[in-house]
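Reader: I should like to examine how the ligand is held in this model. Please begin with its surroundings and then turn to one helix.

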Amino acid sequence: MTSLKGKTVLLTGASRGLGVYIARTLAKEKATVVSVSRSKSGLDQTSDEIKIVGGKGISIPFDITNVTEFSTLVHQINKLVGPVDILINNAAIIISRTFVDYSLEEIQSVVTTNLLAPMELTRLLLPSMLERGTGHIVNIASLGGKKGVAYNSIYSASKAGLIMWSDAVREELAGTGVNLSTICPGYVSRAGMTVDSDLTIPKFAGISIPTDVANAVIKAIKQNQAEVIVNGGLLNESMTKLLLAIGQIYPPFVNTIYRLIGIEKVNSRRRENLDIGINLGYAEIPRK
Ligand SMILES: NC(=O)c1ccc[n+]([C@@H]2O[C@H](COP(=O)([O-])OP(=O)(O)OC[C@H]3O[C@@H](n4cnc5c(N)ncnc54)[C@H](OP(=O)(O)O)[C@@H]3O)[C@@H](O)[C@H]2O)c1
């Protein structure tokens, strides 16, 4: 898909964080953006921003953990703007704890939001894309899904699942005209779940800005890229891939590097912040 002009894009997680930047970038590309999230006020602000850049869009407040209601959502979108050309599974939550401290409810909410919902939404939208012989699915995963991260085991597992499921479905879709890209950001500054957790990111962990992620999404669609790592600094895409490749051969090496860089410490801090009420993950967090 070389142009997004006139395409209908369903974007989950559009009420705050990186989703707002992705929505704005899509609007600049002249796509029609269907924004989905729980917070109506957040979605209204995103709609205003889409209008400011001259874009078109509608917003639908919806809780994506209600996976059995997705067919109603899809029906509603079809009626309002027609079939979806591009699905961007961006919504996710993070709840940081030592593994034994998670409740079953927390595990279920992370896995449902981050993995089951993207799967089910894709399953419902694919038939129409396949029938038309065109479409693109973008799954926003995380570097946390490429390498297990201490105190984020459920988030890591959900994102690793998203990456592997995407990889398998991409193979199935080969030659159909429908494509699938996975975006794996590292830490992102300025907006989003890292900022909301009030963390100081270690210098050598690498960091990107929300527009890097938004631009990576557009590029992945236009160039049909399979998997993209978005990270700045020393651990840029090539260095991260090299580190991960070494980790496939000798995992303890990467664990040592992660500890030396301070990634384990950051996530330990995220867990402590959660305990004192900073970033409840699934709570409504006001836009900064
Ligand atoms: N920020 C980072 O540093 C970073 C790094 C790597 C990967 N990522 C990935 O990038 C994506 C966006 O993250 P972010 O930083 O923008 O997170 P965020 O600021 O926490 O925003 C998450 C978005 O998901 C929506 N959402 C959460 N639960 C939902 C539910 N049950 N139903 C509908 N919408 C729901 C939220 O809206 P409501 O609360 O209004 O529902 C919000 O719009 C995620 O997939 C995340 O894993 C982020």
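**The ligand and helix 7**

Author: Of the 31 residues around the ligand, those that come nearest are L18, R38, N90, Y155 and T194; a residue is near if one of its heavy atoms lies within 4 Å. This is a predicted model, in which local features need pLDDT of at least 70, side-chain atom pairs count only at pLDDT 80 or more, and totals for chains, interfaces and linings use all residues. Residues are numbered from 1 along each chain as its sequence is written, and side-chain values use heavy atoms, with hydrogens and water left out.

Reader: How far is an oxygen atom of the ligand from an N or O atom in the side chain of R38?

Author: A polar contact is a pair of N or O atoms within 3.5 Å. For an oxygen atom of the ligand and an N or O atom in the side chain of R38, the distance is 2.7 Å.

Reader: What percentage of the area that the ligand exposes when taken alone does the protein bury?

Author: Accessible areas come from the Shrake-Rupley method with a 1.4 Å probe. Taken alone, the ligand exposes 880 Å². The part of this that the protein buries is 98%.

Reader: Which element gives the most to the shell around the ligand?

Author: Helix 5 (153-173), strand 7 (187-188) and helix 6 (193-196) give two or more residues to the shell; helices (H or I, at least four residues) and strands (E, at least two) are DSSP runs, numbered from the N terminus. The element that gives the most, with three residues, is helix 6.

Reader: Which residue with a positive phi follows helix 7?

Author: Helix 7 covers residues 210-223. After helix 7, with a phi near 45°, comes N224.

Methods: Polar contact = N/O pair within 3.5 Å; in protein donor to acceptor, adjacent residues only side chain to side chain. Expected span 1.5 Å × (residues − 1).
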